[in-house]
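Hi,

Here is the structure I promised to pass on. Have a look at it first, and then read my notes below.

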Amino acid sequence: MPAKFDRRHFIAAGTSALAMPLVARGASAQGASQGNWPSRQIRMICSYPAGGQTDLLARAYGEFISKQVGKTVVVENKPGASGAIGTAEVARAEPDGHTMLCSISTTYIMNRVVMKNPGYDMDKDLTLVSVIPGAGLLLVANPKTGVKTLEDFVAFARKSGKVNFGTYSAGSAPHMTINELNKQYGLSIEPVHYRGEAPMWTGMLEGTLDAAMGSYTAAQSVLQSDRGTVFAVHSKKVDAIPAIKTLPEQGATSKFFTVSGFSGWAVPKATPQPVVDRLAALCVAANSDPKVKEVLATFVLEPAIGFKETNALYQHELPIWIESARSLGLEPA
C-alpha cells in the first residue's frame, strides 16, 4: 500500500495572522526597490535546528552579508514539519528584503508533493535567490557482502532475494534511489528508515544493514573503521574519492540520478527584483569568505550559485523529484 503522509498538524495555527495588509506590503516593497535596502536588520529564518548543516550555512553566509551591507543579520531557527513551519512564516513576511529563508530542497520541492497544505505555495509565495548544489551522496555496502561496484550490488541483491538498505528518512534521496534501482533491475531492496543520518550510520557500524546511502562527511565513522565500502555515488563525483563512479556511469538510467538536491535562500515572492539580485550577488561573493569556505569544506559542498543558475537548477530538478516521489506513492493524505 502506498505510503501516506498527513503532516498538517505540524503547521502552526494562525499563520494567516502573519500576513501583512496589502497596502503596507506594497509600500514596503516599493521603498526597498528605490535603493534604501537594507534599512534595518535582516531576519534569516533557518527552517532546521541549530547546529546542523543548514544552520551553519545560514550563520556563515549571514555573517558575510551583515559585514557587506552594514546591518545585522539575525539567524532564527524555526524547525518543524520538514521545514514548513519556518517557510510559512517567511512566505507571509513583508516582501521588502528584510526577511529571508535558509532551507533545503525537501522544503522547496518535496513538501509540495507529500503535504496537502504545507502553509505556503512555492510558485505563489516565494522566490529562490541563491542555492548551493548538493554534494554527491555515497552508496556504502557492508564489507561482508563483497560489493565493490553497482554490478556487484545488483548481483548480491538478486542472489539474496532481499537486501536491507538504510535511509535517513522516508521520501529522502536514498529512499527514491532504492525505488529506482528496484524498478530498473527487478530487485526487492527493502528500505530501513532512520530519523537522520547519525542513527543510520550507527546501524551500519553495528552490522545490521547490508547497505546505506548518505553524505561523505557523515559516513566517515563507517569508512574509517572499515565497516563499509563505497561502491557508487549518486549523481556527481566526490573530489575526495575520485575513483568512485556515479550510478549513471555504472549503468543506472533513472532521471533521478541526474539531480543533486540543494540548500539555499528564498524571499517572499513580491520582493523587488533589484533586492533579489543584490542578495544573490552577496551569496555568491560570500563563497570567498574564509568562514564560508570552512563550512563548505566541512560538508564537501560546492559554492553558492547566482539567481539565474539557481532557478535553472530548480526547474530541472523539480519535475524529476516530483515524478520519483509520486512513483513511491508519496502523496498527501
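What follows is a tour of what I found, one sheet at a time.

Before anything else, please keep in mind that this is a predicted model. The chain has twelve helices and twelve strands. Of its 333 residues, 53% count as buried. If you take the contacts between residues at least 6 apart in sequence, 79% of them join residues at least 24 apart.

**The sheet around β4**

Let's start with the open sheet whose five strands come in the order β3-β2-β4-β11-β5, with mixed pairing. Its edges are β3 (73-77) and β5 (126-133), each of which pairs on one side only. On average, neighbouring strands here are turned by 25° against each other, ignoring direction.

The strand to look at is β4 (residues 99-104). Five of its six residues are buried, so β4 is largely enclosed by the rest of the structure. With β2 (residues 42-46), β4 runs parallel, and four bridges join the two. If you want to find that pairing on screen, go to Arg-43 and look for its bridge partner in β4, Thr-99. With β11, β4 runs antiparallel, again over four bridges. There, Ser-103 stands opposite Gly-264 of β11.

β11 also pairs with β5, antiparallel and through seven bridges. Thr-127 and Val-267 make a handy landmark for this one, as Thr-127 stands opposite Val-267 in β11.

Two helices lie across parts of this sheet. Helix α4 (residues 105-114) covers β4, β5 and β11 and runs at about 75° to β4. Helix α12 (residues 307-327) lies across β5 and β11, at about 90° to β5.

Is α4 largely enclosed or not, and why? Eight of its ten residues are buried, so α4 is largely enclosed by the rest of the structure. The buried ones are Ser-105, Thr-107, Tyr-108, Ile-109, Met-110, Asn-111, Val-113 and Val-114.

**The second sheet**

The other sheet I'd point you to is also open and mixed, with five strands in the order β8-β7-β9-β6-β10. Here the edge strands are β8 (189-193) and β10 (229-233), each pairing on one side only. The average turn between neighbouring strands is 30°, direction ignored.

At the β8 end, β7 (residues 163-167) and β8 pair in the parallel sense over five bridges. Thr-167 has His-193 in β8 as its bridge partner.

Helices pack on this sheet as well. Helix α7 (residues 173-185) lies across β6 (138-141), β7, β8 and β9 (211-214), and it runs at about 170° to β8. Helix α8 (residues 197-205) touches β6, β7 and β9, and its direction makes about 150° with that of β9.

**Where α2 meets α10**

Next, a helix pair. α2 (residues 53-69) and α10 (residues 273-285) pack at an angle of about 115°, their axes 9 Å apart. The crossing is right-handed. Who meets whom? From α2 you get Tyr-61, Phe-64, Ile-65, Gln-68 and Val-69, and from α10 Arg-278, Leu-282, Cys-283 and Ala-285. By character, the residues of this contact are seven nonpolar, one polar and one charged.

**Aromatics**

Last come the rings, and the structure holds six aromatic pairs. One of them is Tyr-61 with Trp-265, a tilted pair at 4.6 Å centre to centre and with 55° between the planes. This pair links distant parts of the chain: Tyr-61 is in helix α2 and Trp-265 is in strand β11 (residues 262-268), 204 residues apart. Tyr-61 and Trp-265 are both buried. So Tyr-61 is worth a click: it is part of the α2–α10 contact and of this aromatic pair.

Elsewhere, Phe-153, Phe-165 and Phe-231 form one aromatic cluster.

Shout if anything is unclear.

Cheers

Technical notes:
Residues numbered from 1 in each chain as written. Predicted model: local features only at pLDDT ≥ 70, side-chain atom pairs only at ≥ 80, totals over all residues. Heavy atoms only, no water. Pairing = 2+ DSSP bridges. Axes fitted to C-alpha atoms, helices over the stretch in contact; angles between N-to-C directions. Contact = heavy atoms within 4.5 Å. Left-handed = near helix turned anticlockwise from the far one by under 90°. Nonpolar A, V, L, I, M, F, W, Y, C, P; charged D, E, K, R; others polar. Phe/Tyr/Trp six-rings, centres within 6.5 Å; stacked < 30°, edge-to-face > 60°. Buried < 20%, exposed > 50% of the residue type's maximum accessible area, 1.4 Å probe, protein only.
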